[in-house]
Amino acid sequence: MTQQPKTSTAPASEPPKKRGVPRRNLLFGGAAASLGALAGAATLLPGGKDQGELPPSSMAIHGSQTVPFYGARQAGISTDAQSHANFVALELNPDLPADRIKALLKLLTDDAARLTQGRGALADTEVELAASPARLTVTFGFGPRLVELVNPAQKPAWLKPLPAFSVDKLRPEFNDGDLLLQICSDDPVSVAHAQRMLLKDARSFASVKWVQQGFRRAHGTENPGTTMRNLFGQVDGTANPQPDTGWHEDVVWGREEIAPWLENGTSLVIRRIEMNLDTWDELDRPGRDASVGRRMDNGAPLTGTNEHDEPDFEALNSSGFPVIEDFAHMRRARPENPVERIFRRGYNYDGQPAAGDISGSGLIFASYQADVQKQFTPIQKRLDELDMLNMWTVPTGSAVFAVPPGCAEGGFIGEQLFT
Amino acid sequence: MNKMTFKSFRYTALAVAAAASLALTSCGAYDESRNAAAPTPAYAAPASALTIDETWAKAIDGGMTSAFGTVRNSTGEDITIVGASTPAAKTAELHEVIAGADGGMKMQPKEGGFVVPANGEIVLEPGNDHIMMMGLVKPVQAGDEISLTLELSTGDTLDFTAVVKDFSGANEDYGDLADDEGMDHGTDTPAGSPTHTK
Ligand code: HEM
Ligand SMILES: [Cu+2]
């Protein structure tokens, strides 16, 4: 799958209105001529308002909203998921010494601290693009090599590629990485600018290994707190440990049996999963509902009515079969051991279709958990063995990162590794 | 549910460490010891009425490079920056950028220095006034921290640190001044870097 091309959202090919006759009037020249007044008006089209001169809008403008950068934990994890996310994995230059890695982390921390608060980065050449962060967050994750180069003694046992799974069709261009930047905002321009600034500061230390661009519903389209839908149309995230609950605390930030690698640190698994929308189309509603064990329309378990009703895994239908089938994704993903829980914070992607195809869609499956091996891997193993959804999904990328704690003003992300 | 408390983060200890590093305003170039400080905290020499922040310099393999920042004057009197020095380079000058005869932008020493107006500020930025460091003692790499000192008309000095950034702009032509001070310019500066016309 090719990554979505990095075009800007503004159609660059469309000339500004002021420059002469709009193309439409050329195409429909006859009609335009018969409406002489309209054709004449083309040259008189008023320009837009000048920057900063627009009257106040009745829409709630949210560009100035910020998420604090400094804190015991990094932002962008327990933060309500923003509309847009770019996941950027960097590969450190060969033989980069620890003091250069420190210099890199200080530069990137400073950029993130400024940009997330709506200030330009130092030496920001497009400082105007920084002015509307729209809840921009930058979250850093460390791959195995970065931790090995700086402080091998601190490397957690789980910081390594996941074991191979039979469903995997991994492509090296979406695997692994030494340093991850998860850049999220409710505005894609803010994401693009932050990425540009961070990468300018990283380029003398590292190169880009992969970029994955993801999205959810735009800000303001639905009530905040509405569970996202993936591109299969499923309500995706219902059984997630919601931020601000003790459960979320435990799952993401750890407790006794699942201690985080560093206090206030966690881990991030990113799986790029292709979703075959064409074969999914062949499946009717009952089959779709059965594949997960939840209803497509509102996400309710097949044994309930509302999205957040507890599923009844014991319930049988009139023929004596389980209502939530044995192969249902929800049944397979739900653990018997309560430790095996994860916090999913994924994004849809919709890239260039392969030749002859009409869709190149999928999920950037991103999950946070204190301990990859104890929490994530057992679930993925069960899904690998049996999960109806495997019929339509193919993992094509896989990466594991250790997420360091946050920092206070004056500190930098990853400072604990340099002590 | 076993809800843990995570409020034990030691902001105060870090704040103290940051404050301690603020006191160390005079040290050599490339001082890596300030690891508790952000790349560019605003350094204000206590005795000075001027402060400078947003300080950075452009990475370069050798030769010369420039430093930038925002200087504020909190007094009711104009204060002039009359000179600059740094252990990172043989010499440092105060430069302005003017339109050259050929239409290109040229930089040259600013006569009389930089006047920071009473209760005002000046911005040192690419394409504009800047501090030129010539005869770099070694390459300046992204992420390095360079110590600089400004001499003021009041007789005070203002010490600060500039973090080095990878930056493609700030390529003003150095005009005909390049020969004057025996400066050894970088040999592999990219196209568009300060050129040295005779
Ligand atoms: C493209 C691939 C995937 C799709 C479309 C998908 C979709 C869904 C849907 C619709 C649900 C039910 C609603 C909810 O609770 O969120 C769900 C639940 C869940 N999924 Fe997935 N999923 C995918 C991959 C994965 C992977 C790779 C994992 C982990 C290895 C995973 C773990 C879970 C878990 C833990 C639950 C909650 C189960 C429970 O009710 O306790 N999913 N998924
Ligand atoms: Cu100059």
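Four donor atoms around a metal count as tetrahedral if all the angles between them lie between 85 and 135 degrees. This definition will be needed for one of the two ligands discussed below. The structure itself is a predicted model, and its description may begin with the metal ion to which the definition applies.

Which residues coordinate the copper ion (ligand 2)? The donors are B:His95 through ND1, B:Met107 through SD, B:His130 through NE2 and B:Met132 through SD, at 2.1 to 2.4 Å. The angles subtended by these four donor atoms run from 96 to 125 degrees, and the arrangement is therefore tetrahedral. For comparison, the ideal angle for four tetrahedral donors is 109.5 degrees. Along the sequence, the spacing of the donor residues follows the pattern H-x11-M-x22-H-x1-M. Two of these donors, B:His95 and B:Met132, link distant parts of the chain: B:His95 belongs to strand β4 (residues 89-99) of chain B, whereas B:Met132 belongs to strand β8 (residues 130-136) of chain B, 37 residues apart.

Are these two residues buried or exposed? A residue counts as buried if its relative accessible area is under 20%. B:His95 has a relative accessibility of 0% and is therefore buried. B:Met132 has a relative accessible area of 1%, so B:Met132 is buried as well.

Another residue of chain B may be examined in the light of the same cut-off. B:Thr80 is part of strand β3 (residues 79-85) of chain B. Its relative accessibility is 16%, and B:Thr80 therefore counts as buried. Leaving aside residues up to four places away in sequence, B:Thr80 touches B:Gly112, B:Gly113, B:Phe114 and B:Val115, together with B:Glu151, B:Leu152 and B:Ser153.

Attention now turns to chain A. Its secondary structure consists of 11 helices and nine strands. Of the 419 residues in chain A, 53% are buried. Among the contacts in chain A with a separation of 6 or more, 78% join residues 24 or more positions apart. A pair of residues that lie far apart in sequence is A:Ala408 and A:Phe69: they are 339 residues apart along the chain, and their C-alpha atoms are separated by 8.7 Å. A:Ala408 is located in the segment after β9 (393-403) of chain A. Because its relative accessibility is 3%, A:Ala408 counts as buried.

Ligand 1 contains an iron atom, and this atom has a single donor from the protein, NE2 of A:His329, 2.0 Å away. A:His329 is found in helix α10 of chain A. How many residues surround ligand 1? There are 26, and those that come nearest are A:Gly237, A:Ala239, A:His329, A:Arg334 and A:Arg344. By class, this shell has 14 nonpolar, seven polar and five charged residues.

Several elements of chain A contribute to the shell. β5 (266-275), α10 (329-333), β8 (361-369) and α11 (372-385) each supply at least two of its residues. The largest share, four residues, comes from α11(A).

Polar contacts with oxygen atoms of ligand 1 complete the picture. A backbone N or O atom of A:Ala239 lies 2.9 Å from an oxygen atom of the ligand. In the side chain of A:Arg341, an N or O atom is 2.9 Å from an oxygen atom of ligand 1. For A:Arg344, a polar side-chain atom lies 2.8 Å from an oxygen atom of ligand 1.

Key: Residues are numbered from 1 along each chain as its sequence is written. Chains are lettered from A and ligands numbered from 1 in the order in which they are written. This is a predicted model: local features need pLDDT of at least 70, side-chain atom pairs count only at pLDDT 80 or more; totals for chains, interfaces and linings use all residues. Side-chain values use heavy atoms; hydrogens and water are left out. A residue is near a molecule or strand if one of its heavy atoms lies within 4 Å of it. A polar contact is a pair of N or O atoms within 3.5 Å; within protein, one must be able to donate a hydrogen and the other to accept it, and residues adjacent in sequence count only if both atoms are side-chain atoms. Ala, Val, Leu, Ile, Met, Phe, Trp, Tyr, Cys and Pro count as nonpolar, Asp, Glu, Lys and Arg as charged, and the others, Gly among them, as polar. Buried means under 20% relative accessible area, exposed over 50%, partly exposed in between (1.4 Å probe, protein chains only). Contact means heavy atoms within 4.5 Å. Donors are N, O and S atoms within 2.8 Å of the metal (3.2 Å for Na, K and Ca); water is not among the atoms, so sites may look incomplete. Four donors count as tetrahedral if all angles lie between 85 and 135 degrees; four count as square planar and six as octahedral if opposite donors are over 155 degrees apart and all others between 65 and 115; anything else is irregular.
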